[in-house]
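Reader: Please take a close look at one part of this model, the nonpolar core. I would like the cut-offs along the way.

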Amino acid sequence: MADQNPELVRAQARLPWVMVGLAAGVTISVTLAGHVLVGVGFTLGAALAILNFFWLHQAISVLFSSGATRPSRRVIAKFALRYPLAFGAVYLFYRTGWLPFPAILAGLFVPVGGVLIESLFQIWMGLRNSNVDFADN
């Protein structure tokens, strides 16, 4: 994958940090507002989602760069087990009620928020670096 767009490589490197920053910001805000269990539930959901993202990214990278070699059993296991593990953890907290279930579900959407933030950043950078002057139109 040496012929990738350098901006795409930078965006891929930024995305995990954007997701972690988003999760930390929301968790701190919710906890400071006095909703500690909601913050813990959100953190759990975000951690599951970010771990799922990392495992998926690793599996896809290995599959595309492997060529004729077989991916390791560990990578295949992570790829195959990522949804059952996430569903199992979410179901455990749903059934027990230890943490607020809506907070866990909200945390699962952290990668979506990270991609949205990265998309807005890309649009802003594109507009900033373009030669188009929207004031003249």
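Author: Here is the core, followed by its setting in the chain.

This is a predicted model, where local features need pLDDT of at least 70, side-chain atom pairs count only at pLDDT 80 or more, and totals for chains, interfaces and linings use all residues. Residues are numbered from 1 along each chain as its sequence is written, and side-chain values use heavy atoms, with hydrogens and water left out.

The largest nonpolar core has seven residues. They are Leu15, Met19, Ala23, Phe42, Ala46, Ile50 and Val110. Helices α1 (6-32) and α2 each give two or more residues to this core. A nonpolar core is a set of buried Ala, Val, Leu, Ile, Met, Phe, Trp, Tyr and Cys residues joined through side-chain atoms within 4.5 Å. Buried means under 20% relative accessible area, exposed over 50%, partly exposed in between (1.4 Å probe, protein chains only). Helices are DSSP runs of H or I with at least four residues, strands are E runs of at least two, and both are numbered from the N terminus.

Take Ile50. Leaving aside neighbours within four places in sequence, Ile50 is in contact (heavy atoms within 4.5 Å) with Met19, Val20, Ala23 and Val110. Another core lies apart from the largest one. It has five residues, among them Leu48, Val90, Phe93 and Ile104.

Now the setting. The protein chain has five helices and zero strands. Buried residues make up 26% of its 137 residues. Of the contacts with a separation of 6 or more, 70% join residues 24 or more positions apart. The C-alpha atoms fill a box of roughly 55 × 50 × 20 Å, taken along the principal axes.
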